[in-house]
Amino acid sequence: MFDSAKNFMAGKAAQLYVNNLIKRHAVLQDLKIDAQNKTVEIVCLLHGETEPIRIRVDQYLVQKRGEQHFVQIVKCTCSRPWVQSLVEDFVQGRPVEIPSWALTAL
């Protein structure tokens, strides 16, 4: 029971964190993290759009370098081709620093 409560809280914290990261571009509508299978599903509404986009991280890695923690997207699929291209060009394969508390969600 404690683990499920911890996972729930980590998921809510992750939603707030991601929403804060993308707030200039979009509003997060849903975030599902499957730490066991290393997948993430994101649904967000881009500002100026009427339909949300879906991003599925099919595989990610969590790395530690010294005291810093990073997540790296290995494979990702998006519901819109232009978003897929942006993710491939600017996000996929690049480590992104994350706060240490985020490890409980990943």
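In this predicted model, V91 has a relative accessibility of 31% and therefore counts as partly exposed, a class that lies between the limits of 20% for buried and 50% for exposed residues. V91 is located in the loop that links α2 to β5. On the surface, V91 joins W82, L86 and F90 in a nonpolar patch, and the four residues together contribute about 390 Å² of accessible area.

Helix α2, which comprises residues 81-90, packs on the sheet. The strands that α2 touches are β2, β3 (53-65) and β4 (68-78), and the direction of the helix makes about 145° with that of β4.

The sheet itself is open and consists of five strands in the order β1-β2-β3-β4-β5, with antiparallel pairing. Its edges are formed by β1 (26-34) and β5 (96-98); each has a single partner strand, so one side of each is left without a neighbour in the sheet. From one strand to the next, the twist averages 35°. In general, the strands of a sheet pair through backbone hydrogen bonds, in either a parallel or an antiparallel arrangement.

The pairing of β1 may be followed in further detail. Eight bridges connect β1 with β2 (residues 39-46) in the antiparallel sense. Within this pairing, L28 has C44 of β2 as its bridge partner. The two strands β1 and β2 form a hairpin, with four residues between them. In the turn of this hairpin, K38 has a positive phi of about 55°.

Conventions. Residues are numbered from 1 along each chain as its sequence is written. This is a predicted model: local features need pLDDT of at least 70, side-chain atom pairs count only at pLDDT 80 or more; totals for chains, interfaces and linings use all residues. Side-chain values use heavy atoms; hydrogens and water are left out. Two strands pair if DSSP finds at least two bridges between them. Axes are lines fitted to C-alpha atoms, for helices over the stretch in contact, and angles run from 0 to 180 degrees between N-to-C directions. Contact means heavy atoms within 4.5 Å. Patches are made of residues with over 30% relative accessible area and no salt bridge: like charges are joined within 9 Å, nonpolar side chains (Val, Leu, Ile, Met, Phe, Trp, Tyr) within 5 Å. Accessible areas come from the Shrake-Rupley method with a 1.4 Å probe; for residues, only the protein chains shown count as cover. A salt bridge is a side-chain nitrogen of Lys or Arg within 4 Å of a carboxyl oxygen of Asp or Glu. Buried means under 20% relative accessible area, exposed over 50%, partly exposed in between (1.4 Å probe, protein chains only).
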